[in-house]
Amino acid sequence: MARICIYGAGAIGCHLGGRLAAGGANVAFIGRRGVGEQLRQHGLTLTHYDGRNWSLPPEAIAFSTEPAAAAAAELILVTVKSGGTAQAAAELAGVVQPSAVVVSFQNGIGNADALRTALPGRSVLAGMVPFNVVKRAPGAFHQASEGEPEVEDSSTLVPHLADFARAGFALRRHRDILPVQWAKLIFNLNNAVNALSGLPLQQELAQRDYRRCLALAQTEALMLLAQAGIRPARLTPLPAHWIPALLRLPDALFARLARKMLAIDPLARSSMADDLAAGRRTEIDWINGEVVSLAQRLGQQAPVNARLTAIVHMAEKQKAPPRWSGEALLAELREGAPQP
Ligand SMILES: NC(=O)C1=CN([C@@H]2O[C@H](COP(=O)(O)OP(=O)(O)OC[C@H]3O[C@@H](n4cnc5c(N)ncnc54)[C@H](OP(=O)(O)O)[C@@H]3O)[C@@H](O)[C@H]2O)C=CC1
Ligand SMILES: CC(C)(CO)C(=O)C(=O)O
């Protein structure tokens, strides 16, 4: 049986690893001591908004805080936040088998490259998780929105496909993953707006001013991507460049037309909202900051995403980050924003 290692047992790692283990795979979780204690006490309970559920008793979970536990793995799924990638990569470099396949299931664009640099000669692939996972209680994780994991295709992945299938994942493979990563990043531009709102995603997205903030950030990113010749993949029924117009619609019309976008657990927040609330470093530099870097490479500017990045960095420094109203955030971002 293939040995799989989850490197960074948090929301995504516990969801992916828990389902793989429930499907019969031999999974080792590597994570922090506190998470290990919770899994030892409660085991893992995974629920899905479509009603499916999976559970693993504590004795069925192999958990370690030590990177050495990845030494036997043939497949390593990296699920740390982007700010932890450099350290995870350095730790893995000391232990990973030369034949191991490493997949970054992280948001952002550059994590797989960071892993590749630290792990020369290994097969390192970029992945993308489109759905939201909410931690409901110790050891209890809920998939709160739709989608299946997507991954850069490689022949090295073939021996592991059956494990994903047995876990109930319809893994989507792509020869060119970059358009998929950028399409996800365009969605993730909402992470900052959501974190600053202090509201669950459903309530935030129900308010036109917050949606207008997101539309500004997305329009700016889409203009830059067009200049760079990158066409974001289509992750939703509407192509990415139509979404800003949808977001700008009045609330009642948006609620009718975007029913699927709002079909999300009423308590779900973005992973950046969780980080900000917990006083952790956010992934802002790997999401909105990536748009700013793209602008710089093109000799342009990205004032909306630069401002969001600065505001989130300010919030990271505060014990109780202030909540922004949609109106106040929109006024802040409109200065210098490109007109649609
Ligand atoms: N949560 C979600 O709904 C979604 C998240 N994503 C993306 O998936 C990735 C993972 O996110 P998420 O699961 O929310 O993150 P979490 O913070 O929930 O989980 C990551 C876990 O890994 C731990 N960790 C970090 N570095 C190490 C290390 N070197 N060794 C062992 N453990 C480590 C972290 O501990 P510590 O906090 O102490 O560093 C944390 O417990 C991110 O890129 C995120 O953007 C994508 C789609 C949805
Ligand atoms: C699933 C989604 C888009 C939810 O906001 C996410 O990727 C995140 O929270 O980081």
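Which strands does helix α4 lie across? Helix α4, residues 111-118, lies across β6, β7 (101-104) and β8 (123-128). Its direction is at about 165° to β8. Before I go on, note that this is a predicted model.

Those three strands belong to an open sheet of 8 strands, in the order β5-β2-β1-β6-β7-β8-β11-β12, with mixed pairing. At the edges are β5 (62-64) and β12 (172-174), each of which pairs on one side only. From one strand to the next, the twist averages 25°.

Now to β1 and β2. Strand β1, residues 3-7, pairs with strand β2, residues 26-30, in the parallel sense over 5 bridges. Cys 5 has Ala 28 in β2 as its bridge partner. Helix α1 lies across β1, β2 and β6 (75-78), and runs at about 160° to β2.

Next, the domains. The assignment for the protein chain gives domain 1 as 3-174 and domain 2 as 178-334. Their centres, taken over C-alpha atoms, are 25 Å apart. In the contact between them, 18 residues of domain 1 meet 16 of domain 2. The domain 1 side of that contact has 7 nonpolar, 9 polar and 2 charged residues.

Last, ligand 1. It lies between the domains, because domain 1 and domain 2 both give residues to the shell around it. There are 26 residues around ligand 1, and the ones that come nearest are Gly 8, Gly 10, Ile 12, Gln 106 and Asn 107. Two elements, α1 (11-22) and α3 (85-93), give two or more residues to the shell. By type, the shell holds 9 nonpolar, 12 polar and 5 charged residues.

Conventions:
Residues numbered from 1 in each chain as written. Chains lettered and ligands numbered in written order. Predicted model: local features only at pLDDT ≥ 70, side-chain atom pairs only at ≥ 80, totals over all residues. Near = placed C-beta within 6 Å. Helix = DSSP H or I, 4+ residues; strand = E, 2+ residues; numbered from the N terminus. Nonpolar A, V, L, I, M, F, W, Y, C, P; charged D, E, K, R; others polar. Domains from an automatic or database assignment. Contact = placed C-beta atoms within 7 Å. Pairing = 2+ DSSP bridges. Axes fitted to C-alpha atoms, helices over the stretch in contact; angles between N-to-C directions.
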